[in-house]
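Q: Please take me through one part of this model closely, and set it in the context of the whole chain. I would like the cut-offs behind each term to be stated as you go.

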Amino acid sequence: ARLAAAAFGVTRVTESRKAALLSVLPPSAVDGEYLWPDSLDRSAWTTFRRQAASSERPLEQVPPEEIGNAMAALCRASAGMQREELLTQAAAVFGYRRRTPTVTPVLEAAVDAALRNGRLTEQPSGLITAA
């Protein structure tokens, strides 16, 4: 709702304005903080958008599934990575030159979600690989 309002120059989004914006969407498209096309099967979705700069789209606006997709691609390309390296490389994919205190928890949550949903696998050695 904030992104849609900002596109029209509206900087303040009240609950009633948020409700009005979301009311024009099919209920199945809204999942927490993110919107998804009805036709998209998120369990089979494997794409992500690489960014040249973090200013293009703050990481907090990127769904954890998309970050997980980028992490899986990184792990496939390098035959696996240690967690810290994976977090740093994933940050770079989304235009961040370094991991900040704001970015790191978003990345951590995404890698944990990708491990839970089977997109990534952690080996006994700590190496994380694409499933």
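A: What follows begins with the whole chain, then turns to one helix and its surroundings.

This is a predicted model, in which local features need pLDDT of at least 70 and side-chain atom pairs count only at pLDDT 80 or more, whereas totals for chains, interfaces and linings use all residues. Residues are numbered from 1 along each chain as its sequence is written, and side-chain values use heavy atoms, with hydrogens and water left out.

The protein has five helices and five strands, where helices (H or I, at least four residues) and strands (E, at least two) are DSSP runs numbered from the N terminus. Read from that end, the order of elements is α-α-β-β-α-β-α-α-β-β, and the C-alpha trace spans about 50 × 30 × 20 Å along its principal axes. Of the 131 residues, 31% count as buried, a label that requires under 20% relative accessible area, while exposed requires over 50% and partly exposed covers what is in between (1.4 Å probe, protein chains only). The accessible surface comes to about 8000 Å², of which 55% belongs to carbon and sulfur atoms; such areas come from the Shrake-Rupley method with a 1.4 Å probe, and for residues only the protein chains shown count as cover. With contact taken as heavy atoms within 4.5 Å, 53% of the contacts between residues at least 6 apart in sequence join residues at least 24 apart.

The part to examine closely is helix 3, residues 64-78. At 1.5 Å a residue, its 15 residues should span 21 Å, and the end C-alpha atoms are indeed 21 Å apart, so the expected and modelled values agree; the expected span is 1.5 Å times one less than the number of residues. The buried residues of helix 3 are Glu 66, Ile 67, Gly 68, Asn 69, Ala 70, Met 71, Ala 72, Leu 74 and Cys 75. Their cover includes strand 3 (81-82), helix 4 (83-93), helix 5 (103-116), strand 4 (120-122) and strand 5 (127-130).

Within that buried set, Glu 66 has a relative accessible area of 4%, and its side chain meets that of Arg 57 in a salt bridge (2.8 Å, N to O), a term for a side-chain nitrogen of Lys or Arg within 4 Å of a carboxyl oxygen of Asp or Glu. Arg 57 also counts as buried, at 10% relative accessibility.

Just after helix 3, Ala 79 takes a positive phi of about 60°, although Ala 79 is not a glycine. Ala 79 sits in the loop between helix 3 and strand 3, and it counts as exposed because its relative accessible area is 61%.

Arg 119, in the loop between helix 5 and strand 4, reaches helix 3 as well. Leaving aside neighbours within four places in sequence, the contacts of Arg 119 include Gly 68, Asn 69 and Ala 72, together with residues elsewhere such as Trp 45, Ala 114 and Thr 129. Arg 119 is buried yet has no salt bridge, and the nearest side chain of opposite charge, Asp 41, is 7.8 Å away; for this purpose Lys and Arg count as positive and Asp and Glu as negative, with His and the chain ends not counted.

Two of the elements that cover helix 3 are themselves joined by charge. The side chains of Arg 83 and Asp 112 meet in a salt bridge (2.5 Å, N to O). Arg 83 belongs to helix 4 and Asp 112 to helix 5, so this pair ties together parts that are 29 residues apart in sequence. Asp 112 is partly exposed, with a relative accessible area of 31%, and a network of salt bridges links Arg 83, Glu 108 and Asp 112.

Next to Arg 83 in the numbering, Glu 84 pairs with Arg 99 in a further salt bridge (2.8 Å, N to O). Glu 84 lies in helix 4 and Arg 99 in the loop between helix 4 and helix 5, so the pair ties together parts that are 15 residues apart in sequence. Both ends count as partly exposed, Glu 84 at 45% relative accessibility and Arg 99 at 24%. In total, the structure holds four salt bridges.
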